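Dear colleague,

I am passing on a structure to you with this email, and below it I describe what turned up when its inner spaces and its ring contacts were examined. Please keep the view open while you read, so that you can find each residue as it is mentioned.

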Amino acid sequence: MGNRLASNQHHQQPTQFFSAVEARRMGELTGLEQEVFGIMDTIHASGYLLRMVVVGKGANLETTAALGPVLKVTQSPSTRTNMLTLANKDQTFEFNLQLAEVSKMVLLEKVTPAKTLRTVQILNAAGESMSNLILADESEAAVTWYEGMIAKYGEETEKRFNCNQYHCLYYCTTVFKR
C-alpha cells in the first residue's frame, strides 16, 4: 500500500467539517470557484500524501502531508473573498487557498531519469505559481488515481520536450483557465 491518510488497507473518506453556515456558503461560490473546490475536494478525498510547495517573495514553504481531514470554505477576514482551507484534525497545519485568485490549474507529469513527478499546479492570473501539489506516493494505486484526475478534469493536453537540463517529457493537462 502507498502513503495514505487511512490507517488500514481500505480507502477511508476523510472527515469533512461543515457548519450549517459553511454548507450554505458553498452555494455562494462562483462557477470557477466551484471547479477549484471540486478538484481540491477530489485531492482531499484521496488521502494521498502530497509534497506541497508554496513560493512567496523571499520565502518558501515545503512540506509533505495529506490534505485533511478538515475541509471547509469560509470568507477571508482580510479580503472578504472565499477561502478554501484544508487542515489537519487540530488545525495546527492549514493550507489556505483564495479561490478567486486561482486562474488556472494544471495537471503536470514530468518524466525525468530519476522518477516521474505528478503535480497539480495552481496558478494566478499572471501565470505565477500559487502552489504546487506533488503526489508523493508512487504506488500503482496513486498513479491510477492521478490518471483518473486527468480523465475527469482534463480538457486540453500539450506535450513539451527538452525541458530544463534534461531531455524529459511533460504531459500537461489544463484543468481550466479563466
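In what follows, Ala, Val, Leu, Ile, Met, Phe, Trp, Tyr, Cys and Pro count as nonpolar, Asp, Glu, Lys and Arg count as charged, and the others, Gly among them, count as polar. Please bear in mind as well that this is a predicted model.

Let me begin with the empty space inside. The count comes to one cavity of 30 Å³ or more, and the largest cavity holds about 30 Å³ of space. Its lining is made up of Ile-43, Leu-50, Arg-118, Val-120, Leu-133, Leu-135, Trp-145 and Tyr-146, and these residues divide into seven nonpolar, no polar and one charged. At least two residues of this lining come from each of β7 (116-123), β8 (129-135) and α3 (140-153).

Trp-145, one of the lining residues, also takes us to the ring contacts. The count there comes to one aromatic pair, in which Tyr-48 and Trp-145 are tilted, with 5.5 Å from centre to centre and 50° between the planes. This pair links distant parts of the chain, since Tyr-48 sits in the loop between α2 (31-46) and β1 (49-56) while Trp-145 belongs to helix α3, 97 residues apart.

Are the two partners buried or exposed? Tyr-48 has a relative accessible area of 5% and is therefore buried, and Trp-145, with a relative accessible area of 18%, is buried too, because the word applies under 20%.

With best wishes

Note on methods:
Residues are numbered from 1 along each chain as its sequence is written. This is a predicted model: local features need pLDDT of at least 70, side-chain atom pairs count only at pLDDT 80 or more; totals for chains, interfaces and linings use all residues. Side-chain values use heavy atoms; hydrogens and water are left out. On a 1 Å grid over the protein atoms alone, a cavity is a set of points where a 1.4 Å probe fits but cannot get out, and a pocket is an open set with protein on both sides within 12 Å along at least five of seven lines; lining residues have an atom within 4 Å of a point. Grid points are joined across faces, edges and corners, and a volume is the space filled by probe spheres set on the points. Helices (H or I, at least four residues) and strands (E, at least two) are DSSP runs, numbered from the N terminus. Rings of Phe, Tyr and Trp (its six-membered ring) pair if their centres lie within 6.5 Å; planes under 30 degrees apart count as stacked, over 60 as edge-to-face and the rest as tilted. Buried means under 20% relative accessible area, exposed over 50%, partly exposed in between (1.4 Å probe, protein chains only).
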